[in-house]
Number of protein chains: 6
Amino acid sequence: MLTGRLIEYDEAGDDVRRIYDDIKQSRGVKDVNNFWKALANHPPTLVRTWESLKEVMAPGALDARTKEMIYLAVSISNACEYCIRSHARGAAKQGMTAEMFAELAAVVGMANETNRLVAAWQVPVDEAFAGTLQF
Amino acid sequence: MLTGRLIEYDEAGDDVRRIYDDIKQSRGVKDVNNFWKALANHPPTLVRTWESLKEVMAPGALDARTKEMIYLAVSISNACEYCIRSHARGAAKQGMTAEMFAELAAVVGMANETNRLVAAWQVPVDEAFAGTLQF
Amino acid sequence: MLTGRLIEYDEAGDDVRRIYDDIKQSRGVKDVNNFWKALANHPPTLVRTWESLKEVMAPGALDARTKEMIYLAVSISNACEYCIRSHARGAAKQGMTAEMFAELAAVVGMANETNRLVAAWQVPVDEAFAGTLQF
Amino acid sequence: MLTGRLIEYDEAGDDVRRIYDDIKQSRGVKDVNNFWKALANHPPTLVRTWESLKEVMAPGALDARTKEMIYLAVSISNACEYCIRSHARGAAKQGMTAEMFAELAAVVGMANETNRLVAAWQVPVDEAFAGTLQF
Amino acid sequence: MLTGRLIEYDEAGDDVRRIYDDIKQSRGVKDVNNFWKALANHPPTLVRTWESLKEVMAPGALDARTKEMIYLAVSISNACEYCIRSHARGAAKQGMTAEMFAELAAVVGMANETNRLVAAWQVPVDEAFAGTLQF
Amino acid sequence: MLTGRLIEYDEAGDDVRRIYDDIKQSRGVKDVNNFWKALANHPPTLVRTWESLKEVMAPGALDARTKEMIYLAVSISNACEYCIRSHARGAAKQGMTAEMFAELAAVVGMANETNRLVAAWQVPVDEAFAGTLQF
């Protein structure tokens with residue numbers, strides 16, 4: 001931790017406990033991760049982050065596993081160890097296999113490579129891509 | 001373009017034409033994108049990049065749509081306009097809907113936010129995450 | 001350290017000592033941080049970096065605390081642990097409170113999120129923003 | 001825009017209008033920016049993003065100008081043109097002067113430089129920085 | 001430009017003219033680039049940036065061409081169009097050929113790919129790499 | 001490691017051993033680095049990455065040392081510790097001296113600074129830079 005402490009349930013205030021209870025129930029876990037215990041040093045950030053995350057990660061047009069894998073892909077691209085480790089577990093819990101992980105890692109690597117080739121050559125956007133995408 | 005020209009099929013050498021033919025056949029398109037026409041200024045990069053991309057993006061443990069969406073997510077995170085525009089179309093072609101795109105964008109935004117919250121607070125890795133992930 | 005050693009005052013040459021003395025006096029500290037002791041392996045980098053930093057971080061139109069907080073915000077965004085830890089202390093020394101830190105972290109997270117939403121949707125610049133900003 | 005359209009008030013649904021009204025009232029503006037008109041293609045993202053932003057950017061331990069400047073600093077560091085242009089105006093509206101902007105830009109540049117010097121030399125964290133920061 | 005104007009020689013103050021003269025003489029050019037004309041809105045930034053750049057880019061243990069190519073590589077990795085375009089010309093002026101550019105772009109792409117593979121797999125540093133590098 | 005194990009030669013399959021043999025012979029080393037032992041958990045990634053890297057890093061228009069230094073510069077800019085440590089050694093093996101390293105680090109820092117100054121001021125591309133670069 002840079003500052004503050006990991007706030008445990010027993011010492012937490014009511015607003016923090018409400019979020020911890022919701023996290024534990026939503027995820028079926030006995031305790032919350034350090035991420036939440038760190039954010040609990042600033043309850044408004046804890047509340048807002050959890051409520052945003054719960055909404056964004058809920059199954060919708062994309063299933064929970066795909067969402068976790070996208071999260072993981074971004075975290076790998078940003079080299080955030082904590083995020084990689086926690087979301088790899090989250091994705092695995094949703095069914096990501098070792099083979100899927102390896103393919104995800106390969107795609108993240110490749111995208112980072114070609115993003116730079118595009119920058120290097122300053123490739124102009126194709127006319128077909130310039131307009132608005134219709135689904 | 002920073003340098004070189006977009007190399008069209010008619011003016012391309014045999015090694016470049018072979019790749020263009022393969023791209024067109026693999027993707028069922030009449031012409032290749034500017035990205036490939038730019039890389040054709042350096043045939044070894046064209047050949048290697050296409051062959052790597054074809055292998056990495058082929059359906060495997062992950063289907064083609066999920067792979068395109070991961071590619072898109074990384075490209076959004078890196079703010080590569082060309083890559084966002086081309087892979088959004090690639091993903092849409094594989095079945096990504098407008099709603100899926102919007103959810104993907106939300107996850108990418110959220111991951112970038114929480115990656116920084118982790119850095120800000122210097123959250124220590126949970127003991128449960130420190131070990132090797134078993135699938 | 002990747003290479004070299006942390007250069008202590010006693011073993012340093014005159015050019016390095018002159019900088020160390022200036023750092024200690026400017027900051028009112030008894031010893032310089034590891035950052036400077038590392039750069040002392042290449043005196044021209046030490047001299048240039050310190051003189052630039054001293055100029056850039058001096059109170060001007062922005063006060064020292066605001067400058068330290070901007071520095072910290074960028075370092076969080078880039079996930080540089082050393083820089084986060086040292087500039088959080090620098091900002092705290094200038095009056096940043098725990099609450100200010102938490103709000104700063106929240107803004108950094110939010111900016112990283114919306115920066116990617118802008119990229120995802122490829123939001124066009126408003127006409128009102130396209131021109132030159134007049135203060 | 002990558003996809004969708006900029007959603008104007010007249011064509012917007014009730015949930016979107018409610019947010020537009022709140023933005024216009026909170027900021028004292030006649031119309032909302034393109035950012036919000038783009039997010040309105042996915043109302044849940046519009047609602048969540050606005051409510052998060054309103055909370056995070058509200059004056060608290062940090063005043064509104066400092067928050068806008070931190071936002072701007074991160075957006076410069078990430079090279080997001082839209083975000084730089086809109087938040088530079090937001091900061092100016094809160095009192096950022098041309099001189100303050102120039103100093104902010106200098107700090108962002110300097111932080112990006114020293115963040116990489118730290119990485120290059122792999123500077124070890126000082127013992128004094130390793131512990132928890134007490135304010 | 002976000003703000004200010006491109007400051008031309010005729011309207012510049014003495015401190016700015018001194019730098020413009022030095023740039024023109026050092027580089028053997030008739031006029032300075034827009035980068036310098038933009039920084040001239042804040043003379044202290046102009047002076048400091050030019051003097052730092054002149055020192056850092058001067059031939060030393062590395063020749064001018066290698067330095068320009070490293071600068072270009074970083075700018076590609078960061079996708080800074082202005083920087084890519086200006087430093088590609090700078091490197092070409094120092095002897096970088098089209099083939100060298102293409103190889104440089106390939107290395108930058110590859111490094112960005114493998115940097116992420118390392119993050120994905122969380123590869124532990126080899127014992128042989130953990131210590132201090134001796135040249 | 002996030003997942004899998006470092007795969008040693010004795011327990012590796014034939015496809016992995018073939019790559020290990022090639023790496024050891026190409027580089028004149030007795031054992032391969034952890035990077036390769038990690039990728040061996042997914043042989044297609046191992047094979048593709050090695051073959052790509054071998055091609056990209058082979059001396060061509062750029063010599064091996066310059067390529068290693070460009071790789072190192074990108075890795076520093078991305079703050080990938082593993083990559084910095086391994087490629088600093090790779091570059092040193094090809095003749096990079098301590099002084100060259102220090103100058104490389106300074107250029108990487110400087111490029112990261114000016115990349116952000118360009119973004120901050122939104123410097124317009126000079127007419128002379130907008131066209132295609134002729135070598």
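Let's start at one residue in this predicted model: if you skip the neighbours within four places in sequence, E:Val118 is in contact with E:Val123 from its own chain, and with F:Phe35, F:Cys80, F:Tyr82 and F:Cys83 from chain F. On chain E, the residue belongs to helix 6, which runs over residues 98–121. How crowded is the spot? There are 25 other C-beta atoms within 10 Å of E:Val118, and the cut-off for calling a residue buried is 20 or more, so E:Val118 counts as buried.

Now step back to whole chains, and take C and D as the pair to look at. In general, two copies of a chain are related by a rotation about an axis and a shift along it. For this pair, turning chain C by 180° with 0.0 Å of shift along the axis lays it on chain D, at an RMSD of 0.0 Å. That's what a two-fold axis does. The interfaces tell a matching story: 98% of the interface residues of chain C are interface residues in chain D as well, so the copies meet through the same surface.

Finally, look inside a single chain. The domain assignment splits chain A into domain 1, covering 1–58, and domain 2, covering 60–122. Their C-alpha centres sit 24 Å apart. What does the contact between them involve? Four residues of domain 1 of chain A are in contact with five residues of domain 2 of chain A. On the domain 1 side of chain A, the residues touching domain 2 break down by class into three nonpolar and one polar, with no charged residues.

Technical notes
Residues numbered from 1 in each chain as written. Chains lettered and ligands numbered in written order. Predicted model: local features only at pLDDT ≥ 70, side-chain atom pairs only at ≥ 80, totals over all residues. Least-squares fit on C-alpha atoms with pLDDT ≥ 70 in both. Contact = placed C-beta atoms within 7 Å. Helix = DSSP H or I, 4+ residues; strand = E, 2+ residues; numbered from the N terminus. Buried ≥ 20, exposed ≤ 12 C-beta atoms within 10 Å, placed from the backbone. Domains from an automatic or database assignment. Nonpolar A, V, L, I, M, F, W, Y, C, P; charged D, E, K, R; others polar.
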